[in-house]
Each structure stands twice: as C-alpha cells, then as structure tokens.
Amino acid sequence: MRKHSPRRGRFGFYTGLFVVLLAGVFFAGLRYLGYWLVLDEPLEPSAAIVVMGGGFPYRPAKAAELYHDGYAKEVWLTQGSKNDRDRDLEAFGMPVTAEHESGQWLLEKLGVPAANIQILPEPVDNTLTELRAVYARAKANGGQRIIIVTSKQHTRRVRVIWNVVSGGNVKMAVRSTPKETYDEAHWWRTTTDAMATFREAFGIANAWAGFPVAPRER
C-alpha cells in the first residue's frame, strides 16, 4: 500500500488554495468591471463640447446642459457614415434622418444657438475614426482643451483611444450621460449590459494592442 507524502499533500493543498484565490480575484475583477468602464473626469472651461455619435437623445441633451453651464461656447457633432440599414431604408423609399441632423435639432431645441453648433465634415464609422476626426478639428482649432460626451459604458474606451490618437497633444475630459440605461453595479444581470460590457472591454484591449482587429462600423 502506497503512502502519501506529506510534502505532496501540502503541495496539493497550496495549489488548490492558489487556484481558489485566483478564481476569486478573477470574479471580483469581473464584478467591478462595470464600475471601471464608467469614467467622469473633472471639467474645465474648454473650446468645445463634442457629442459622440449614437446615444440619441441623451448625448446631445447632456452637451446642451454643459453648454448652458458655461463650459464651452461651441458644440461639435460628428457625422456618421451611412450604414447598411440606412441604405436599405432609402432603397425602400423611406426617408432617413442623419444622426447629426437629429442632434443639431435637439441642441437648438434646448437653447444652443445654431451659430454655435459645428458639424465635423469628415464622415466617420467607428470610435477610432470619430476620435481621429475630433482630434484633427481640435488641432486645427489651436489644440485647445475639449470635452467629449458619450454613454456611461463607453467613456473608458473613449479615454483610452483618445490617448492613442492624440498622443497627449490636446487635453480632453470625458463625461457620461447618466440618463442612459447601464447598470455598472450589476451589468451581468441583463444580456444588453453584459454584451455592452464585453464589447467595451474588448475594444479597450484592442486599442492597447494597437488595433490588430479592425474596428467595425457602429
């Protein structure tokens, strides 16, 4: 009958304990991933407030609020490229309102003068090309500080990609739209929040790796 070595028993115990601790750290990290994705940075007077595409009506509404709070004298809207859905709707004869047109309408409705709303001319189709267009306009504007408004779960990825695109040459603060639905404390409870969380986490990892996976149109 083989005897079990005390040393081997201790090794198995510590190995098991390490695996349990590692799993605990992993699941704790997943639990707080939603909190980490949401980023609201301190604001200072800036040259412009930028509304990222999507999230209508919450993003332009938040930009209007910041405008009236006196943080900037201009609001910039990005111009999204037409996607397959837009082209299909047009093929069926259904009129399609461009997202930046809806954003401009709402900004004016909320009291932002038309003269203070700028539409960036470059069509964009994902966060990377969008932030490149914003950076180009900011540089052309003298490299002054800007504020970017986007959805809660999208704020961290915007910060990460902005750091890559700008190289620190233009200061930026990112602000979220609190009225959009995203439960960062319990993101795993709904498929919508879970998919958004993993999409954002993958996008951040992709940016850190130098974009080996080409960003898709939004």
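**Exercise 1. The cores**

Task: In this predicted model, find which residues have the most contacts inside the largest nonpolar core, and which elements supply this core.

Solution:
- Start with the core itself: the largest nonpolar core has 30 residues, and Ile146, Ile148 and Trp162 are those with the most contacts inside it.
- Next, look at where its members come from. At least two residues of this core are supplied by each of α2, β1, α6, β4, α7, β5 and α8 (191–208).
- Now zoom in on Ile146. Leaving aside residues up to four places away in sequence, Ile146 touches Ser46, Ala48, Val50, Trp76, Val134, Ala138, Trp162, Lys171, Met172 and Ala173.
- Finally, keep a second core apart from this one: it is separate, has 16 residues, and includes Val51, Ala64, Ile117 and Val149.

**Exercise 2. The two sides of α5**

Task: Work out which residues of helix α5 (residues 99–109) are buried, and which exposed residues sit on the face turned away from them.

Solution:
- List the buried residues of α5: His100, Ser102, Gly103, Leu106 and Leu107.
- Look down the helix axis. These buried residues fall within an arc of 155 degrees, so they line one face of α5.
- A helix rule helps here: an α-helix has 3.6 residues a turn, so residues three or four places apart point the same way.
- Turn to the face away from the buried side of α5, where you will find the exposed residues Trp105 and Lys109.
- Ask what the buried residues of α5 pack against: the partners are α3 (58–68), β2 (75–80) and β3 (117–124).
- Follow the chain just past α5, and you reach Gly111, which takes a positive phi of about 95 degrees.

**Exercise 3. How α3 meets α5**

Task: Describe the crossing of α3 and α5, then name the residues that make the contact.

Solution:
- Begin with the axes, which come within 9 Å and cross at roughly 35 degrees.
- Then take the handedness: α3 passes α5 in a right-handed crossing.
- Last, assign the contact residues. From α3 come Pro60, Ala61, Ala63 and Ala64, and from α5 come Gly103, Leu106 and Leu107.
- Three of these names should look familiar: Gly103, Leu106 and Leu107 also appear among the buried residues of α5.

**Exercise 4. Salt bridges from the loop between α2 and β1**

Task: Salt bridges here need a side-chain nitrogen of Lys or Arg within 4 Å of a carboxyl oxygen of Asp or Glu. Find the partners of Asp40, Glu41 and Glu44, and say how buried or exposed each pair is.

Solution:
- Recall the idea: side chains of opposite charge can pair when their charged atoms come close. The model has seven salt bridges by this rule.
- Asp40 pairs with Arg175 at 3.8 Å, N to O. Asp40 is in the loop between α2 (33–37) and β1 (48–51) and Arg175 is in strand β5 (residues 172–176), 135 residues apart. Asp40 is partly exposed at 41% relative accessibility, and Arg175 is partly exposed at 23%.
- Glu41 pairs with Arg159 at 2.8 Å, N to O. Because Arg159 lies in helix α7 (residues 155–166) and Glu41 in the loop between α2 and β1, this pair ties together parts 118 residues apart in sequence. Arg159 is buried at 14%, and Glu41 is buried at 15%.
- Glu44 pairs with Arg145, with the closest N and O atoms 3.5 Å apart. Glu44 lies in the loop between α2 and β1 and Arg145 in the loop between α6 (127–140) and β4 (146–150), so parts 101 residues apart in sequence are tied together. Glu44 is partly exposed at 41%, as Arg145 is at 28%.

Definitions and conventions. Residues are numbered from 1 along each chain as its sequence is written. This is a predicted model: local features need pLDDT of at least 70, side-chain atom pairs count only at pLDDT 80 or more; totals for chains, interfaces and linings use all residues. Side-chain values use heavy atoms; hydrogens and water are left out. Helices (H or I, at least four residues) and strands (E, at least two) are DSSP runs, numbered from the N terminus. Buried means under 20% relative accessible area, exposed over 50%, partly exposed in between (1.4 Å probe, protein chains only). The arc is that of the directions from the helix axis to the C-beta atoms. Contact means heavy atoms within 4.5 Å. A nonpolar core is a set of buried Ala, Val, Leu, Ile, Met, Phe, Trp, Tyr and Cys residues joined through side-chain atoms within 4.5 Å. Axes are lines fitted to C-alpha atoms, for helices over the stretch in contact, and angles run from 0 to 180 degrees between N-to-C directions. A crossing is left-handed if the near helix is turned anticlockwise from the far one by less than a right angle, and right-handed if clockwise.
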